[in-house]
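User: Got a minute to go through a model with me? I'd like to start with the rings and then get the overall picture.

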Amino acid sequence: TSSQPTGVIIEQAPLPIRLVFFKGQKLDNHHLLWWQTSLEENNAYFSIERSTDGRNFESIGKIDGAGNHVGLKDYQFRDYNPAQGINYYRLRQVDWNGDFSLSMVIALNNEQSQA
């Protein structure tokens, strides 16, 4: 008997945005996150979420979306209080009606160098 593997998405509704990329970089005293969309439909806002274990995320900021937009749109967010060690980030895109989708997770290391 054949069974479907767990964790595999068989069908998925179209996302209300087309996320071109989501990237991050550790700078001197903060983490810079940036992303780009190529299409937005009913996009109210992005909630930027952070985790230290990759499982339990909390919102650390909010950026207004473009609503309805066709074409490339750039966004950025700076985390001035990253946790020590690995910080995991994701975007929660929220529609005007409250529906949401989650981006992939990226990880940035905030290890302090030894002097």
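Analyst: Sure, here is a quick chat about aromatic pairs, charges over rings and the fold. Keep in mind that this is a predicted model.

User: How many aromatic pairs does a search of the whole structure find?

Analyst: The search turns up 4 of them. One is Trp-35 with Phe-46, an edge-to-face pair at 5.4 Å centre to centre, with 65° between the planes.

User: Are those two buried or exposed?

Analyst: Trp-35 and Phe-46 are both buried. Trp-35 also pairs with Tyr-75, and that pair is stacked: 5.6 Å between centres and 10° between the planes.

User: Which parts does that stacked pair tie together?

Analyst: Trp-35 sits in strand 2 (residues 31-51) and Tyr-75 in strand 3 (residues 58-79), so the pair ties together parts 40 residues apart in sequence. Tyr-75 is buried, as is Trp-35.

User: And which residues do ring pairs link into a cluster?

Analyst: Phe-22, Trp-35, Phe-46 and Tyr-75.

User: OK, charges now. Which Lys residues lie over a ring face?

Analyst: Lys-73 lies over the face of Tyr-75, 5.6 Å from the ring centre. Lys-62 does likewise over Tyr-45, at 4.3 Å from the ring centre.

User: Zooming out, what's the secondary structure of the protein?

Analyst: The protein has 0 helices and 6 strands.

User: How much of it is buried?

Analyst: Buried residues are 36% of the 115 in the protein. The protein exposes about 7500 Å², with carbon and sulfur atoms supplying 47% of that.

User: What about contacts between residues at least 6 apart in sequence?

Analyst: Of those, 58% join residues at least 24 apart.

Note on methods. Residues are numbered from 1 along each chain as its sequence is written. This is a predicted model: local features need pLDDT of at least 70, side-chain atom pairs count only at pLDDT 80 or more; totals for chains, interfaces and linings use all residues. Side-chain values use heavy atoms; hydrogens and water are left out. Rings of Phe, Tyr and Trp (its six-membered ring) pair if their centres lie within 6.5 Å; planes under 30 degrees apart count as stacked, over 60 as edge-to-face and the rest as tilted. Buried means under 20% relative accessible area, exposed over 50%, partly exposed in between (1.4 Å probe, protein chains only). Helices (H or I, at least four residues) and strands (E, at least two) are DSSP runs, numbered from the N terminus. A charge sits over a ring if NZ of Lys or CZ of Arg is within 6 Å of the ring centre and within 35 degrees of the ring normal. Contact means heavy atoms within 4.5 Å. Accessible areas come from the Shrake-Rupley method with a 1.4 Å probe; for residues, only the protein chains shown count as cover.
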